Amino acid sequence: ACNGSNGSRAHVNLPEIKFTKLFINGEFVDAVSGKTFETIDPRNGEVIARVAEGDKADVDLAVKAAREAFDHGKWPRMSGYERGRIMSNFADLIDQHSEELAAIDSLDAGKLFSLGKVVDIPSAARMLRYYAGAADKIHGSTLKMSRPFQAYTLREPIGVVGHIIPWNYPTTMFFMKVSPALAAGCAMVVKPAEQTPLSALYYAHLAKLAGVPDGVLNVVPGFGPTAGAAISSHMDIDQVSFTGSTEVGRLVMQAAAASNLKPVALELGGKSPLIIFDDADLDVAVDLARFAIFTNKGEICVAGSRVYVQEGIYDEFVKKSAEKAKGWVVGDPFDPFVQQGPQVSKAQFERVLTYIEQGKKEGACLLTGGKSLGDKGYYIEPTIFTDVKEDMVIGSEEIFGPVMSLMKFKTIDEAIQKANSTRYGLAAGIVTKDINVANKVSRSIRAGSIWINCYFAFDNDSPFGGYKMSGFGRDNGLAALEKYLQTKSVVVPLVDTPW
Ligand code: ADP
């Protein structure tokens, strides 16, 4: 049963917070303004630490350092092999500190410690190694010209890049952006989310220990409209990668256009469908649907927030889902038996509860959950609505919390039509034993990732990003390197050559 924030069985020493200042040009420094902000423990609303608050003046200093490191430093000029070796060192250091790093993210973001130490943190190290291995395989091509010229392309690092990252996966998002940019030879300024700045600062420290030259990786915590906007509008930043809400993605793109027309890559919101056909193994499908929405307390851009179930198994599915949701254990993220920690912040907690109220008002049926849990911290019951329509607020907007909408469908075409009736297009899941159905649906859905008989099946080598208003540009895979590279054509006339 849900145990709220009480009755913790956690036996973890909370981490000591060692890094709370901005990391610029290889040094931890105070903000120019001297200001700091609080980062809060979502288990109880208490202050974990005060962190230096970066703003435009600090972003300017970080960009200056990155500019110097890129324009004159050795990072973009050393061999890809050497960059890869340093990135591998960085990965090893992450593995050596995995428990401490997982604990920092649990404390800062309310993420499960049990998952962090075996999934999030080791995956970050693996991601670094994946791109470390790519660093010495970046090359252009020889071109076949229609005139007597010889031409080839050079792949050059794009320059100084800005990374604006969200709070739901502080570690994964950091390395999704930083790893390919390092491999490409870029210098960078990273702004972690104001809710979760702590692990990014630790990674800055590890990067320096690993041998990343000063100025290549700068970390400037701060707020969105100040530090974030200073990055997206900066005249000396050559590219910005952003993960966050569609609303803020639009602001980032506007600022980029209004300043120096820097290219942007946006990984934005989602309202991802999970479509379950009659032939599915019912218990497996119920578990998958629960996993797809309640993992990480629903704070996942690809969460399977709209679950479409075919009519033959719908009633049974609803019954079992309600039972299973009640058995999902909510509580202290350091407790190894807990499956769902607190929402990241008071603001998110209130936002999710407001959506739940809205759902009730709009006439959706609250099957289970719907309330906060415990008397402190930001815990919410796993919540399921039925009879949700795609034009309701809860059926169309990203809730970013543990709220599932369960809906019924009859035919394949109806499922496809409903799944696509969203302005988002980040991911979708399909559960069926029929390969022809899986093929038809996967090719009909306009979304960047399709998971057949699985969910959240991320891999370093599998490009990830959005269709429609879920953004553009790809993280992961060799595709992510493209964002951090320029292509230059070099052409020379051929004089008196045999071919
Ligand atoms: P969420 O709604 O999930 O909190 P946001 O899109 O608000 O996500 O935030 C994602 C990241 O974007 C955070 O690092 C945040 O500080 C930053 N951000 C917020 N507003 C702006 C802005 N106007 N310009 C640039 N970055 C911003």
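Which residue of β20 does G429 stand opposite? In this predicted model, the partner is W451 in β20, and I would like to begin with the strand that G429 belongs to, before moving on to the other strands, two helices and the ligand.

Strand β19, residues 427-431, is mostly covered, with five of its five residues buried. If you follow the side-chain directions along β19, A427, G429 and V431 point one way, while A428 and I430 point the other way, and all are buried. β19 pairs with strand β20, residues 449-452, in the parallel sense over four bridges, and strand β12, residues 273-276, also pairs with β19 in the parallel sense, in that case over three bridges. On the β12 side, L274 is the residue that stands opposite G429, so that G429 has been named here with L274 in one pairing and with W451 in the other.

Just as β20 ends, there is a backbone detail to look at. N453, placed in the loop between β20 and β21, residues 471-472, has a positive phi of about 55° although it is not a glycine. N453 is partly exposed, with 16 other C-beta atoms within 10 Å.

Let me turn to strand β10, residues 239-243. How many of the five residues of β10 are buried? Five of the five are, so β10 is largely enclosed by the rest of the structure. Both of its faces are covered, with Q239, S241 and T243 buried on one side and V240 and F242 buried on the other. Strand β7, residues 160-164, runs parallel to β10 and is joined to it by four bridges, and within that pairing G162 has V240 as its bridge partner. Four bridges also join β10 to β11, again running parallel, and here the partner of S241 is A265.

Leading into β11, residues 264-267, is a loop from α8, and L261 lies in that loop. L261 has a positive phi of about 55° and is not a glycine; L261 is exposed, with 8 other C-beta atoms within 10 Å.

α8 brings us to the ligand. Around the ligand there are 17 residues, and the closest are G224, G228, G244, S245 and V248. Helices α7, residues 224-232, and α8, residues 246-258, each supply at least two residues of this shell, and the largest share, five residues, comes from α7. Sorted by class, the shell has ten nonpolar, five polar and two charged residues.

Now to the two helices, starting with α2. Helix α2, residues 80-96, has 17 residues and reaches 24 Å from its first C-alpha to its last, which is close to the 24 Å expected at 1.5 Å a residue. Its buried residues are R83, G84, I86, M87, F90, A91 and I94. Seen down the axis of α2, these buried residues fall within an arc of 165°, so they line one face of the helix. They pack against α3 (98-109), α4 (113-134), α5 (170-184) and α6 (198-210), whereas the face turned away from the buried side carries the exposed residues Y81 and Q96.

Helix α11, residues 346-362, likewise has 17 residues and reaches 24 Å between its first and last C-alpha, close to the expected 24 Å. In α11 the buried residues are Q348, F349, V352, I356 and G359. These cover an arc of only 110° around the axis, which puts them on the same side of α11. Their cover includes β16 (379-380), β17 (383-386), α12 (393-396) and β18 (403-409), while A347, T354, E357 and K361 are the exposed residues on the face turned away from the buried side. After α11 comes G363, whose phi is positive, near 100°.

I will end with an open sheet of three strands, which has the order β5-β6-β22 and antiparallel pairing. β5, residues 142-143, and β22, residues 485-493, stand at the edges with a single partner strand each, so one side of each is left without a neighbour in the sheet. The pairing of β5 with strand β6, residues 149-157, is antiparallel and runs over two bridges, and within it T142 stands opposite Y152 in β6.

Notes: Residues numbered from 1 in each chain as written. Predicted model: local features only at pLDDT ≥ 70, side-chain atom pairs only at ≥ 80, totals over all residues. Expected span 1.5 Å × (residues − 1). Buried ≥ 20, exposed ≤ 12 C-beta atoms within 10 Å, placed from the backbone. Arc of directions from axis to C-beta. Contact = placed C-beta atoms within 7 Å. Near = placed C-beta within 6 Å. Nonpolar A, V, L, I, M, F, W, Y, C, P; charged D, E, K, R; others polar. Pairing = 2+ DSSP bridges.
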